[in-house]
Amino acid sequence: MNSKTRYHFVLGPLLAKDLKRLDDMICNGISENMRMDGVTINQIERYMEQADGLRYMKTSERAIISQMNEAIYLLMR
């Protein structure tokens with residue numbers, strides 16, 4: 001989840017072997033999610049070129065954790 005925009009999606013289920021290419025899976029997931037939200041291919045390409053890579057960060061912010069849990073809950077129904 002992008003903590004500034006709260007834009008998020010869920011990957012899964014993941015296997016141990018998927019961790020080797022997790023960054024690529026995340027970038028592909030972001031691109032596909034943006035495409036499904038109506039963002040043009042050109043805009044997605046520009047966004048990905050300007051992105052400053054992926055960073056994994058711990059969060060204890062309850063609102064973010066709640067949104068992630070809700071997204072997972074909706075998928076599991």
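This is a guided tour of a predicted model, going from the whole chain to single residues.

**Before selecting anything**

Residues are numbered from 1 along each chain as its sequence is written, and because the model is predicted, local features need pLDDT of at least 70 and side-chain atom pairs count only at pLDDT 80 or more, while totals for chains, interfaces and linings use all residues. Side-chain values use heavy atoms, with hydrogens and water left out.

**The whole chain**

Start with the full chain in a cartoon view, where the secondary structure comes to three helices and zero strands, and where the order along the sequence is α-α-α. Here helices (H or I, at least four residues) and strands (E, at least two) are DSSP runs, numbered from the N terminus. Taken along the principal axes, the C-alpha atoms fill a box of roughly 35 × 30 × 25 Å.

Switch to a surface view, and the accessible surface of the chain comes to about 6,700 Å², with 53% of it belonging to carbon and sulfur atoms; such areas come from the Shrake-Rupley method with a 1.4 Å probe, and for residues only the protein chains shown count as cover. Of the 77 residues in the chain, 14% are buried, where buried means under 20% relative accessible area, exposed means over 50%, and partly exposed lies in between (1.4 Å probe, protein chains only). Among contacts between residues at least 6 apart in sequence, 52% join residues at least 24 apart, a contact being heavy atoms within 4.5 Å.

**Helix 1 against helix 2**

Next select residues 22–36, which are helix 1, together with residues 41–50, which are helix 2. Two packed helices are described by the angle between their axes and the distance between the axes. In this pair the angle is about 145° and the axes are 10 Å apart; the axes are lines fitted to C-alpha atoms, for helices over the stretch in contact, and the angles run from 0 to 180 degrees between N-to-C directions. The crossing of helix 1 and helix 2 is right-handed, a term used if the near helix is turned clockwise from the far one by less than a right angle, with left-handed used if anticlockwise.

To see what meets at this crossing, show the side chains of Cys 27, Ile 30, Ser 31, Met 34 and Arg 35 in helix 1, and of Ile 41, Ile 44, Tyr 47 and Met 48 in helix 2. Cys 27 counts as partly exposed because its relative accessibility is 26%, and, not counting residues up to four places away in sequence, Cys 27 touches Met 48 and Leu 54. The C-alpha atoms of Cys 27 and Ile 65, 38 residues apart along the chain, are separated by 21 Å.

**Arg 35 and its salt bridge**

Stay in helix 1 and centre on Arg 35. With which residue does Arg 35 form a salt bridge? The partner is Glu 32, and the closest N and O atoms are 2.6 Å apart, a salt bridge being a side-chain nitrogen of Lys or Arg within 4 Å of a carboxyl oxygen of Asp or Glu. The structure holds one salt bridge, and its two residues both lie in helix 1, three residues apart, about one turn of the helix. Arg 35 is partly exposed at 40% relative accessibility, and Glu 32 is partly exposed with a relative accessible area of 36%. Leaving out residues up to four places away in sequence, Arg 35 touches Ile 41 and Ile 44.

**The segment before helix 1**

Now move to Phe 9, which is in the segment before helix 1 and, at 26% relative accessibility, counts as partly exposed. Which residues is Phe 9 in contact with, leaving aside its neighbours within four places in sequence? They are Ile 26, Gly 29, Ile 30 and Asn 33. Phe 9 and Asn 33 are 24 residues apart in sequence and 7.2 Å apart in space, C-alpha to C-alpha.

Pro 13 is found in this segment too. Most residues other than glycine have a negative phi, and most peptide bonds are trans. The bond from Gly 12 to Pro 13 is cis, with omega near -5°.

**A surface patch**

Finish by selecting Val 10, Ile 72, Leu 75 and Met 76, which make a nonpolar surface patch of about 410 Å². Patches are made of residues with over 30% relative accessible area and no salt bridge, with like charges joined within 9 Å and nonpolar side chains (Val, Leu, Ile, Met, Phe, Trp, Tyr) within 5 Å. Leu 75 is found in helix 3 (residues 62–76) and is exposed, with a relative accessible area of 56%.
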